[in-house]
Every structure is written in C-alpha cells, then in structure tokens.
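I sat down with this one to see what its helices, cores and charged pairs would show. My notes follow in the sequence I took them.

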Amino acid sequence: MGMAAQQLSVRLLSSRLHDSNDAIAKLLLPHKLQVSHEAPMDATATTSVTGFADKKQQFAVACLLHWTLNSTTAVPHEPVSISLNDMDSGSWLALHEALGCEKNQLEMTDSLRVVAEDALISDVLEKNVQIVDCRALEAFLGLDASEQVAGHLDGAWNVPFQSVFGLDDTTLLSVEELHDVIVKDAGIDLETPVAVLSSDAIEAALIATCLFLCGHDTVSLCLLALTDELVTTLPTEFTSGIFQHHQLVHADDTGAFDLSPLSEAIEGIGEAAAKEVDDAYAKRLSGKDEDEDTQSESDEDEEDAMQPSAEEETVWVKDGKRFFDMPSPITKKVFLDASHVIFRVVSFVLAPYGFPAALHDTLSLSEVKTQFGSLFQDVIEVCSDLVYSLKGLNEGAMAMSVHKWVEEKHDKDCSARVKAINELWESLYDVPRVIEVPDVPEEHILEIATRLKEKLETAVRKRAPWAFEADDSEDDTDDGESQRKLSAGWQYMYPAVVYSLGFIPQEPAANHKKLSTLQIKSFVQAVAEAIWDVVGEEPLSQLEFQVLCDTMKPENKSAVEEIAQAAEQSLYVVKHVLTRSIPKGDDEYASNLTAVRNAVEEGNRKFRSSRHQVALAAYSKAFEHLPLFHKDLEKAIVGRANCFIQLKQLDMARAEAEIALRLDPFSSGAYTCLGAIEEKESRPEEAMQHFVTSFILDGSRSPEHAEAIDRVSRLVGRNVAKEVFNKMEMMRELPSPWLVQSYFDSFEHDADNGAKVPFDIEKKNAIPAAELDAETLLYRAIHHKRTRNYKEAQSDARAVLEMELDNDLRALALNLHASFLYVAGDVNAAVDTISKSLELKPDFVNSLVKKGGFLSELGEIEAATLCFDEAIELDPNDADVHLHMGQMELLDGNYYKAVQCLRRSMSRSEALAVTHVSYGMALYKSGSIYQANDVFEEAVKAFPQSPEVHLFQGEVLADQGNYRDAMKHFLQALELSPECPLPFLNAGRVYVGTNDPMRAIAHFEQALEIDPRCSSAHLDIAQVLFAQGRTQEAFAHFDLAAMCCRFLPEVEEVCSCRAMAKMQLKVTEILGVELRHIMRSK
C-alpha cells in the first residue's frame, strides 16, 4: 500500500478519552497500531490511531472503538466522536458517513452490547442465540491449515469479513447489498438474537455493525478471539464441529484403533451390552443402519402424507362446484425426487457444457445475478412446469408441499434441495471443490455430449427459429462470409438460456423488436425438452456431467471440449455497427470493454456511497475507451443520469437518459431514470408509464421497480379518483349488514354507549316517527342500531334531526346520522354532519374519532391527524382513538407508526377483535412476522366467533404459503358471516397466486352473487382477465368496479389499477409485442 496505507487513520474526540486511553491501547495491541493522545486546555481530548494496513482494517477498528466506547455500559456514558480520514478527498468523515448511513442508525441501545469474557457460555452458547462466525469460509469449514481453529462452533453461521466489501476491497457494500449478503446468502434471521465472534475482534465488530445497520436490533459482540485455547475451555457439546489435535486417536501397532475409555474401572457394562454396542457400530459402518433409518423415515413420510385425507375436507359445494379446496401436499419422497429432477434440468438448461470461460472472465457473480436474475426465475418456472407434467404433479400441490416440508417442518433434506436450486448460479459459476459423481463409462458421457448438441439444434430450430437469425447489417470484415456460414449452424447460438437476451440475435437489425417473455419462455422450453430427451433417465446434473467430462481420457476430453468451444464462438462474432473506429482485433476490443465495465463498477460503488460527484467522474472515464455514442456505453450514461438526478440537475439527467435510449431502446435503467425525473417534477402519470416500462423490460421481478410503481400509482389513482368520486351519485343506501356491523364493531365505546334506552322501547317500534317525541325517537334509533336493524335505525336518526332536541342529544343524533352516511358511502356529507355535532359538543371524543376516520377516507391525512390528536388531548386513555389512528396509518402504508398507535390501543383495551387483527397486520406489514403470528393465534383463541379474525388470519397464512390452513379460516369466516363476500375474495386471490385463474374467477363471481356491489370482486376479475389478454372484458370490469365503489380509497385503487393496465398496453407498442407475451400469467 506504500505511503497511502501509512497515512490512514482514525480520530476520536471526547472529554472522557483520558479515562479510556489505556483500554484503547490494550484493545489494539495485537494489531501493532500507533495510538497517540492530545489533551488541550479545553475539555475535549483527541486520540489518533494510525498505521493501518488498508481501509478495511481502518473501517473495522473504527467500528470496534464505537462498540467499546459508545455502548450503553461504557462508564462514564458520554458519546465519543469517531471519524476516519478519506484518502480520495483528503477530508475527515464521521463514522456514519463512512458507513453510508444516518447518524441515528449507529445509536447504541441496551440490546446492542459487548459480551464480557466470563459471559460467553452463559449469555451466548447456552441461550437461543445465533452465532455468526466472520472468518473466511475456508477457516469456517476447517480447510485452512494456517488458521488456529479448524471448523466452527455448533450451529454457527458464516458471514466472512471480506464479503461485506465491494470488488475494490475498500468500499463497504450498501445497506441493501449487506442485507442480501447477511439474510439471503448467509441465512441470518433478523428476528433472533445474534452474537458475533471471530479470530480477530475488529472483524467481528465490523460484521456486528453491519448486522444492526440491516435492521437487527439484538446484537452481541464477543471480544474474545476464537483460538484453540478458548475452544478447550468450552463445553464439548458446542465444539463438535471443530478439529482438535488432542482428540486424535492414532492407530496401534496392529493398525487398529482403541476407542475404549481411558479409565478401566467402568461398572455396569456387561458382555451383552458391550456386544450390542459393537454390533450397532458395525451396522452403522456397513450402511445397513442408514438404510433402516431411511426406510423408517420413508414410512413416517408416507403415513404423514395420508393425514390430510384423514382430516375433515375443507370444501364448500354449491351447484356441483367446489370452493375453498386445495390439493394435498405430496410425500417427502416424491417431493425430493421432483425437486432433484428440477435441479438437474435447470442446471443443464442454464449451461449444458459448463459456464463459458469467456463470460466467467468478463462477468462477476454479482453481475451475473443482476443481469440474468429474472431470466433465471423464468428458467426455474418453465423447467418446473415440464417436470410437473412429466411426473403428473400439480403446481398447487407443490406449493403446499414446499410450505409443509420446508417452512413448517424445516426438513433438512427438503430445505437443502430447494436451496440447491436457488443457488445454482453460485454452483455453476464457482464449481464446488468436492462433487460426488456416479460411475458412468466415458463412452456414455461422450455420447451424452454429442446427443445434447444434436437435440438442442433440432429442438430450437423447430420451436424458436428466431434464435438463429443472421445479422443483416453490412459486413466489412475480412471473414464476413465465414461468419455468415457460422450463423447458419447451431454454433451461432450457445445453447444456454442464460445468454438468450444478450447474444441472440447477435446484432439485431433496425426493425428488430425486443424479445418477448413468451419468446424467451418458448426458447427455454425447447432447450428444456431437448435436455430431458437426453438426460431425463440419466442420474446426472450438469455439475456431475461437467466433472465427468473434465476427468475423461485426453482423446475423449478433447472431443467434448471441441463441442463446448464451438458453442462459445458465438461470443466473438458480435459486430458493432456504430463503432467503425474500434480496432478489429478481438483482444483489443475485449480490453476496451473491460475498461468500460471497470469504470461503471467504480461509478456504482461511489454512487452507493452517496458520493455522486465522484461517481459522475468515474462513469465519465468510460468515454476514454470507446467512441462517443457507442452502444456499450449505455450503462455508463445511465449511471451519469442517476448522478445528475441526485445532484438535482434534472435537465442534464433527462438528456443523458434519452441518449441511453438511443443507444439501447430497451434500456431498463434509462426508463427508470426518466420515471424518477418525472416523479420529482410532479408528473406522476408520466413517471408511472416509465416505471412500468422499466419493470417489464427488467423481467417484472424487480422489487425496487415494483415499489416505485406502487408509490406513483397511488398519486395517479388519487388524482383521477377525486374527480370520479365527486361526480358519483351518492345513493345513501346502506350496504350489506355485515359491513355496517363491521364499522360499528370497531368502537368499544360508541357515541350511544352511555345512553339509557327505556326498557319498553321495543313496544313503540310500530309507531310512526311523527307520532313520537324527539327523545323517544332518538332512543328508538339507538335501540334499532343495537339490535342490528340498521335501515330502521338510519330512518329514525334522519327523522329525529327534524325535531327539537337539546344540544347534547342533538350532537348524539348528528353523530349517529353521520355514521350511517359514512357507511352508505356519502363521506363528504358525513364530514359536514359530524362537524355540526362537534359544534354543539366540542369535547365529544367519539365525534372527533369518527371525523378523523372520515377525513382519512377522503385522503385528507393531515386534517384527520389533527382530529385524532385533539381527541387524545381530551382523553389519552381512549382505546378507540388509538385504534382508528393506527388503522389510518396502516392503510396509508406507515407501518411503524401504525404499530405504535395500535400497541397503545392494545395496552388500553383488548376487548375488540378488530384491535387484535389490526395490530397483527401492522406488525406483519412492518416485518415482525413471528410477533404478528403470535398476535393472530391469540386473537383466534380469544375471538373464535369473529369472522374478521379468521379473514385476517387466513390472509396472513396465505401470504406465508400455508394455503390449506388459510382456506380453513376463510371457510370458517363464511360460516360465521354468510352475507360477507370477503372469504370468496381472499380464496380467489390464493388461486391467483397458485396460477389457477379459472378457479379464481369462479370465487370472485361467487362473491358478486353475495354482494353485487362488491367493487373488489370486479377489480380482481378485471386483473385476471387482463393478465390473460382479454382486455375488452377486463376494462368492462374495471368500469363496474368504479361504479360500485363507496369510498374514495376504493376509487383510488380502481383508478390506479386501470391506469396500470393502460400503461401496460402502451408498453406493448413500445416493445412491439402482444400483451399476452409480456404478462407472466399462463
């Protein structure tokens, strides 16, 4: 590193550093760093740490000092300011700036602590705590002989220190990337407490910091280094995964191993018992015991698989049609067999002859995942469908089986199979060091390789002839004729789906259109079927096939290599029409492309660190290697556009994005930039169109694009909906009784709670309203409400307002009338009426709560919040206030605020079912899944007769993939409230998720039979029909959904979905494909 490395330093500022200097020096002693102190006249002292080997060590030491000096147990507890010098800019960065996070994200709490030396066993090992080992993977697995400790503590997870840095080894990954590394790659559960240790405390400190940056709020840092000395002090039940020299047993002179205890004085062990142990040991060594275990396990699985049929069937039958039924999970044996076949087929489809060396040298693993992530999912879907059809399986049954064996039973074999499929990228890119292969003759392997070539060519030519299109552009190269001949053969196309988007056709003509999803899936299916014809009966995955090819005799190996090399030749026939000045030598051109890619990666790293000006300069370096307007500069130009957006130079950003689209008309990144620009300039409809286009171009799988669409679609729907809603004719007709009841049940103490209705009021039900005095009529209205005769209650509440009443009773009557106006859908009139109630009685808490709810339905969140705040000032212990405020935040997407409000409501009263389910849903939406599940389970026990509880519980279970139990709750909700359409709606959405659109529509239509004005049913039908390409029918249902809406949020949802559909149609014009080709529904 030279001088630059020696100049890296960390600086600490605090008035209490003089008390910590000795501790700092002792802490950093193993790293041979220089610690210097300055104590000026004022109260602030400075400590500097220098001598770092690199920036990684500088980061890690800064984090260690933060943990030890700023923990809540530090004495005296006064924050120490920690900063690092940045060699690029020559300035000092606070620790939170260097880590790329907000300052408050580094605040230490009681649940973020440093584990004392004597507390490792009691506070970590003996408790339900995840242990994170941040040594290198080789050391973790015991493969590095240079490490003191070979292996890892039992149950430990591995997050290597190196894995949290970018490709340049100097920049920490962004929070989103850290989340992928820690949660997706390493499998850390953010809900379970975690303890971090390593052979070096500074490495553990950095990983611990990354954990709570990702949202983990219970992290312990172990300062003890993981050494052989430490391992010997730990109980053996925690160290079985660690290789220890003193436990080795050496062979004696006869070559045998003496496994008997060291002590000969063993009582109670007779010859029979000793023989039983010896026989069991011999059986285990021979493998017979494993066979018996496997058979026993298989028998248990078969018995378990029969259990669903023994249970009462979940089904509701009407006119011969079955509702709410789901297929049974398949047995473990069948699941393992099907998932293994899927693994084999997918591995061959992705790379039949192994991952091409040419792409391996030019693309990192993260780039492969980024560029081909959505395509990878397409491959899994198509191959899975192929295997299901061949095995006679059902997609719904497989979904139920995944939930049963992986998520519910946590079966290690099934989980390993699913994980292997999802990690195929890693396995193909970096082949595992050890692979167990079957015994297959070399001649047979050569035959498989040859047949693969023939079958792939035949199948793809028949099913996807467009994959062999030759370039029609002018060819001025000397070997143009040979390339045209090459394009006529199968070698022009590397027969792996992963390269279809980037290399087929190699140079599209001017009139070439973007490959549609249907084309890609057709290509995938052709490849998959061809591969199945060759290897369907072979017990081989591509990884095993590749190992067998690599270990063949030279003459056979060379024959296979010729086939693979011919396939890779397609990577070198790319012609670049726009770049006549590019040297024609492949090596020089490849070098230029590498330099461009490095410039883009450098720009991406700086951009993730929020150093946008530096990122802009890095992206611009790409122009030094390729001529301006070269199409391979598209990513660099998109990066520049993103920088200009962050720098608020929107005109410059728009110009860059439009240039990128000229170079690549299908640039997802360019459309994303244009969407962000339009959103910042308050043009949500234009922004939504660009985001939708980008989402489809990116494979309809990007969560970032989906979030952006959801964000702007709300604005689009809100803008259109207000105009539509204001023009709607208010019928003031009450909806179904279940909906009216649901509203009144959301108040523990409604406005009439204290009203003392005369005991004989029922005798006056038949008397006309005009013949009763005002007070009696009001009491009769309350009586009708309490006995759920809502139409009569509405009529009496309206009539009593024409009579003379004192202020308190009139305020009550206005409150009751406003409630009926609201549930009838006339929210504006409800707001006016409830406001009159408050004019008469300003301290009427229930009227304030209802007014807040009405205003939130109109989208006036600020005004609604003021009403709730005023109600809290009047009565901070009213549970209804916090409940309805929490529901407003929940519907508005502010899940954290919703949890806070609903928790306050729960602490004041647990009498209402709606409080429990609202709180559970807020927790679930905010990511606290386990806590939410507990809340729902308790709610079902406390309110078994509440249809709302069963509906919400079923919705959450369905979202978790537990479809069978979800359907049980939906059916229970229907039995408890037969006039409610929601059970059919929720069940229909489950069938949409399991790719059964016809059954979904049947459930939505049944919901409409129950409630013909159910707007959600029309909306769901519209979306299913639209996904099938039946646009005319779909838009008819969109219109019906809008006509049936009663509240503004419902109109907003319909309008945003309708706008989304129109924009997807617009995308078909942009891409030049049919609608059904870009939709993912089958």
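Below are my entries on one helix, the repeat annotation, the cores and the salt bridges.

**Entry: a reminder.** I am working from a predicted model.

**Entry: helix α37.** I began with the length of α37, residues 861–874. At 1.5 Å a residue its 14 residues should span 20 Å, and I found the end C-alpha atoms 20 Å apart, which agrees. Next I looked up its buried residues, which are Ala864, Cys867, Phe868 and Ala871. Viewed down the axis of α37, the buried residues fall within an arc of 95 degrees, so they line one face of the helix. On the face turned away from that side I noted the exposed residues Glu862, Leu866 and Glu873. What covers the buried residues? I found that the cover includes α36 (845–857) and α38 (879–891).

**Entry: the repeat annotation.** I checked UniProt, where an unreviewed entry carries "repeat: TPR" for residues 845–878, 913–946, 947–980 and 981–1014. I then looked at two of these spans in the model. Residues 845–878 are 79% helix and 0% strand, with end C-alpha atoms 9 Å apart. For residues 947–980 I also read 79% helix and 0% strand, and the end C-alpha atoms lie 9 Å apart.

**Entry: nonpolar cores.** The largest core holds 104 residues, and Phe324, Phe820 and Phe854 have the most contacts inside it. Helix α34 (residues 807–824) gives this core its largest share, 12 residues. I followed Phe820 further: leaving aside residues up to four places away in sequence, Phe820 touches Leu734, Val740, Phe744, Tyr790, Ala793 and Gln794. Apart from this core I found another, of 61 residues, with Ala449, Val534, Leu540 and Leu543 among them.

**Entry: salt bridges.** My search of the whole structure turned up 28 salt bridges. In one of them, the side chains of Arg322 and Asp325 meet at 3.1 Å, N to O. Arg322 counts as partly exposed because its relative accessibility is 37%, whereas Asp325, at 11%, counts as buried.

Another bridge joins Lys391 to Asp337, with the closest N and O atoms 2.9 Å apart. Lys391 sits in α14 (residues 365–391) and Asp337 in α12 (residues 332–350), so the pair ties together parts that are 54 residues apart in sequence.

I also noted Arg711 with Glu679, at 2.6 Å between the closest N and O atoms. Here α30 (residues 703–727) holds Arg711 and α28 (residues 668–680) holds Glu679, so parts 32 residues apart in sequence are tied together. Arg711 is partly exposed at 37% relative accessibility, and Glu679 is partly exposed at 24%. Finally, I found Asp750, Asp752, Lys785, Arg786 and Lys850 joined into one network by salt bridges that share partners.

Notes: Residues are numbered from 1 along each chain as its sequence is written. This is a predicted model: local features need pLDDT of at least 70, side-chain atom pairs count only at pLDDT 80 or more; totals for chains, interfaces and linings use all residues. Side-chain values use heavy atoms; hydrogens and water are left out. Helices (H or I, at least four residues) and strands (E, at least two) are DSSP runs, numbered from the N terminus. The expected span of a helix is 1.5 Å times one less than its number of residues. Buried means under 20% relative accessible area, exposed over 50%, partly exposed in between (1.4 Å probe, protein chains only). The arc is that of the directions from the helix axis to the C-beta atoms. Contact means heavy atoms within 4.5 Å. UniProt positions are given in the numbering used here, feature names are shortened, and annotations may be inferred rather than shown by experiment. A nonpolar core is a set of buried Ala, Val, Leu, Ile, Met, Phe, Trp, Tyr and Cys residues joined through side-chain atoms within 4.5 Å. A salt bridge is a side-chain nitrogen of Lys or Arg within 4 Å of a carboxyl oxygen of Asp or Glu.
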